Amino acid sequence: MSHAASSSASVERVPCPLCKSTKDEPWAEENGFHCVRCQGCGLLFVNPRPRAESIDQGVKLGVHTVESTALDVVGSRSAWKVPLFKEVVSSMFPEFSRGGRPVRWLDVGAGFGELLESLQAVVPSGSVCEGIEPMIPKAEDCRRRGLAVRTCYLADVRERYDVVSIIDVFSHVPDFGAFLSEIKGVLNPQGEVFIKTGNGADIGPRSQLPDPLTLPDHLVFGGRDHLKRFLDEAGFDIVSVSAHRMDGLRHTIRNMVKKLVGKPVCLGLPYTSPARVLYIRARLRSLS
Ligand SMILES: [Zn+2]
């Protein structure tokens, strides 16, 4: 077999991160890794999966080294996200514009700080917006631009917050249920999570998802119901969901360019893919 992953000791077979089923079927292959669909709940996840040490190293440095193939996933700041996030947060947190009370907001996996930048213009005055980002080059970039971003993990955070946001974090986390438990540890009573992720598991064959899967940087792809179930089991109720398509004309043209340089994209006609970006606002259930 040509793929480096499956025969190597650097990977391990895992049950479904959501329903724990050990039955899965092939769905896609990329960069020598297999993404499977759980036969129990339909979740998509990398299996066999890089071992924990390898995932951890990739998260810190932004480079995955699997069988000497380095996959650079640091990327760069996307200025266009700032106005988009402003619009989405304003519409999903309508109380902010009505002069609501200040909030303490922690952005986990702050990346290049696009969300934190957008929050400055949206949250009520007196609010505190901070971030943590384990990838050293990203966190340093944020600090250079004056954003309050620390290089650490959630487990290192001692303060409490009203909202924890996780933007494009879901797919990087091997055990999202455990991650939500950690998030609860830094939330005030009735605290909230704000999630942005794709709906990969809601689509049919791989060919309906235009973008590269970026395996094994991305380990899990959920859908609406998977996110709802993860949240429900962790004690969160969904407040609102906003779904956005990603296959507009510009996106399609960009993917045509990617295809030309050999990136693993799936080209389709614009505005035909069932793929969506999901923004989910959920609140901790009160213990009554
Ligand atoms: Zn499952």
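Guide: Two strands pair if DSSP finds at least two bridges between them. Helices (H or I, at least four residues) and strands (E, at least two) are DSSP runs, numbered from the N terminus. What you see is a predicted model, in which local features need pLDDT of at least 70 and side-chain atom pairs count only at pLDDT 80 or more, while totals for chains, interfaces and linings use all residues. Residue numbers start from 1 along each chain as its sequence is written.

Visitor: What makes β11 and β12 a pair?

Guide: Strand β11 (residues 161-167) shares six bridges with β12, and the rule asks for at least two, so they pair. Their sense is parallel. One bridge you can look up joins Ile-167 to its partner in β12, Lys-196. Between these strands the chain passes through helix α5 (residues 176-184), making a right-handed β-α-β crossover.

Visitor: Why is this crossover called right-handed?

Guide: Point the strands away from you: the crossover gets that name because the path from the first strand over the helix to the second runs clockwise. Here that path leads from β11 through α5 to β12.

Visitor: What makes β12 mostly covered?

Guide: Nine of the 12 residues of β12 (residues 187-198) are buried. That word applies to a residue with 20 or more other C-beta atoms within 10 Å of its own; 12 or fewer makes it exposed, anything in between partly exposed, and C-beta atoms are placed from the backbone. Over the whole chain of 288 residues, 39% count as buried.

Visitor: Which other strand pairs with β12?

Guide: Strand β15 (residues 276-284) runs antiparallel to β12, with seven bridges joining the two. Thr-197, for example, has Leu-278 in β15 as its bridge partner. β15 also pairs with β14, again in the antiparallel sense, over nine bridges. One of the residue pairs there is Arg-245 with Arg-276 in β15.

Visitor: Why are β10 and β14 said to stand at the edges?

Guide: Follow the open sheet of seven strands in its order, β10-β9-β8-β11-β12-β15-β14, where the pairing is mixed. β10 (149-150) and β14 each have a single partner strand, so one side of each has no neighbour in the sheet. There is also an open sheet of four strands, ordered β2-β3-β4-β13, with antiparallel pairing. Its edge strands are β2 (24-30) and β13 (220-221), each pairing on one side only. β2 and strand β3 (residues 33-38) are joined by six bridges, and Glu-29 stands opposite His-34 in β3.

Visitor: How do you know which side of α6 its buried residues are on?

Guide: Helix α6 (residues 224-233) has His-226, Leu-227, Phe-230 and Leu-231 as its buried residues. They cover an arc of only 130 degrees around the axis, so they sit on the same side of α6; the arc is that of the directions from the helix axis to the C-beta atoms. An α-helix has 3.6 residues a turn, so residues three or four places apart point the same way. Just after α6 comes Gly-235, with a positive phi near 95 degrees.

Visitor: What makes Asn-31 and Asp-168 unusual for their phi?

Guide: Most residues other than glycine have a negative phi. Asn-31 is not a glycine, and yet its phi is positive, about 50 degrees; Asp-168, also not a glycine, has a positive phi of about 55 degrees. Asn-31 lies in the loop between β2 and β3, and Asp-168 in the loop between β11 and α5.

Visitor: Why is Asn-31 called partly exposed?

Guide: Asn-31 has 18 other C-beta atoms within 10 Å, so the count falls between the two cut-offs. Asp-168, with 16 C-beta neighbours inside 10 Å, is partly exposed too.

Visitor: Which peptide bonds are cis?

Guide: Among them are the bond from Asn-47 to Pro-48, with omega near 0 degrees, and the bond joining Leu-215 and Pro-216, with omega about 0 degrees. Pro-48 sits in the loop between β4 (44-46) and β5 (49-50); Pro-216 is in the loop between β12 and β13.

Visitor: What makes the chain as compact as a globular protein of its length?

Guide: The chain holds seven helices and 15 strands. Its radius of gyration is 19 Å, close to the 19 Å that the globule rule gives for 288 residues, so the description fits. The radius is taken over C-alpha atoms, and the rule is 2.2 Å times the number of residues to the power 0.38.
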